[in-house]
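I opened the notebook with a short list of things to look up. The entries below follow the order in which I took them.

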Amino acid sequence: PKAPDYQNEVILAYQKIGRKHETLNEIKRLLDSYGKNSAWARTNSADQDAITEATRYIEKNLRTVAINYHNEAKKLGQGRTAREAYDLAEKAYTVYLQQFPTSKYSYDIRYAFGELLYKLKKYDQAYNQYMAVVKIDQKGKHSRFCAESAIFAADKMIAKEKKAGRIPKAKTKTERLDMVQWEKNLLAACDQWAQIFPDDKKTIKILYRSADLLYNKNQFKEASDRFRTVISMNPNSKQAEYSADLILDSFLLV
């Protein structure tokens, strides 16, 4: 029953001498040898205190290493050493969320992981983490930032899809096009923002962005409904003026 204690000491020793790869390897050994699905856990099933302590070691080590390596990478900025720290932090975050997806720390971990992924230009994965943060707590300390960052991440993915030629273009001015998945994701992120922050000064721009997205897919009815909402929010705004123009244009096109 005390074996996880000794394995934890091995991990702490590697941390103290700055051996990052060995630290992660020993955390993996802790997880594989003493995790909830291990032979050790089955053998010691009657000793719940020992199993709880082993789980605590796994959770704390993964969380601590992910955060520490991420912070170190940010301080280093650029270069091979920084990239290595980012990569190891990414691994630790990934395993942490696989093992403890709903822990009391998951809100902050997902926020930090989203930031790391965005930094590494893994915008699709960053989007997923940002959206998960908002889902956990819409009014949390990171939720406004993550709700907006999800929009940015979806925009980055749409740009990549366009560059790769994976977003179809209309053959005529009125051909209605279906959205590709990342356009749907952008729309979802815009709608999420508008729903949570209806009175924010950025909301009218974000709602206009979603309406324009639909307009450019020749989905004129859906776009018009959103443009009308934009106009009602602030009739004197530039977005209202643009919206009115595009509503008129859509009548001419249909």
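**Cysteines**

I looked for disulfides and found zero in the structure, which is a predicted model. A disulfide is a covalent bond between the sulfur atoms of two cysteines. I then asked why C146 has no bond to C190. The sulfur of C146 lies 16 Å from the closest cysteine sulfur, that of C190, and this is too far for a bond. The cut-off I applied is 2.5 Å between the sulfur atoms. Taken from the other end, C190 is in no disulfide either, and its nearest cysteine sulfur is that of C146, 16 Å away.

Are these two cysteines buried or exposed? I have C146 as buried, because its relative accessible area is 0%. C190 is buried as well, with a relative accessible area of 2%.

**Overall shape**

I counted 12 helices and zero strands in the protein. Read from the N terminus, every entry in the order of elements is α.

I compared the radius of gyration with the globule rule. For 254 residues a compact globule would come near 18 Å, whereas the protein has 24 Å. The C-alpha trace spans about 75 × 40 × 30 Å along the principal axes.

I also noted burial and contact order. Buried residues account for 47% of the 254 residues. Of the contacts between residues at least 6 apart in sequence, 59% join residues at least 24 apart.

**Nonpolar core**

I looked up the largest nonpolar core, which has 74 residues. Those with the most contacts inside it are W40, Y93, L116, Y127, I151, L186 and F227. Which helix gives the most to this core? I found that it is α4, residues 48-76, with 10 residues.

I took L186 as a sample from the core list. Leaving aside neighbours within four places in sequence, L186 is in contact with I151, A154, D155, I158, R209 and L213. I note that I151 is also on the list of core residues with the most contacts.

**Helix α1**

I checked the length of α1 (residues 3-16). Its 14 residues reach 20 Å from the first C-alpha to the last, close to the 20 Å expected at 1.5 Å a residue.

Which residues of α1 are buried? I list P4, D5, Q7, N8 and I11. Seen down the axis of α1, these buried residues fall within an arc of 165 degrees, so they line one face of the helix. An α-helix has 3.6 residues a turn, so residues three or four places apart point the same way. On the other side of α1, I have Y6 and K16 as exposed.

The buried residues of α1 pack against α2 (20-34), α3 (39-43) and α4. Just after α1, G18 takes a positive phi of about 75 degrees.

**Helices α4 and α5**

I ran the length check on α4. Its 29 residues should span 42 Å at 1.5 Å a residue, and the end C-alpha atoms are 42 Å apart, which agrees. Just after α4, G77 has a positive phi of about 80 degrees.

For α5 the 20 residues should span 28 Å; I have the end C-alpha atoms 29 Å apart, which agrees. The buried residues of α5 are A82, A85, Y86, L88, A89, E90, A92, Y93, Y96 and L97. They pack against α2, α4, α6 (106-119) and α7 (123-136).

I looked at A85 on its own. A85 sits in α5, residues 80-99, and counts as buried because its relative accessibility is 1%. Apart from neighbours within four places in sequence, A85 is in contact with Y69 and A73. I also took the distance from A85 to M157: they are 72 residues apart along the chain, and their C-alpha atoms are separated by 25 Å.

**Positive phi outside glycine**

Most residues other than glycine have a negative phi. I noted two residues with a positive value.

K121 is not a glycine, yet has a positive phi of about 65 degrees. K121 lies in the loop between α6 and α7, and I have it as exposed because its relative accessible area is 57%.

N218 is not a glycine either, and has a positive phi of about 60 degrees. N218 is in the loop between α10 (203-216) and α11 (220-233). Is N218 buried or exposed? I find N218 buried, with a relative accessible area of 10%.

Methods
Residues are numbered from 1 along each chain as its sequence is written. This is a predicted model: local features need pLDDT of at least 70, side-chain atom pairs count only at pLDDT 80 or more; totals for chains, interfaces and linings use all residues. Side-chain values use heavy atoms; hydrogens and water are left out. A nonpolar core is a set of buried Ala, Val, Leu, Ile, Met, Phe, Trp, Tyr and Cys residues joined through side-chain atoms within 4.5 Å. Buried means under 20% relative accessible area, exposed over 50%, partly exposed in between (1.4 Å probe, protein chains only). Helices (H or I, at least four residues) and strands (E, at least two) are DSSP runs, numbered from the N terminus. Contact means heavy atoms within 4.5 Å. The expected span of a helix is 1.5 Å times one less than its number of residues. The arc is that of the directions from the helix axis to the C-beta atoms. The radius of gyration is taken over C-alpha atoms; the globule rule is 2.2 Å times the number of residues to the power 0.38.
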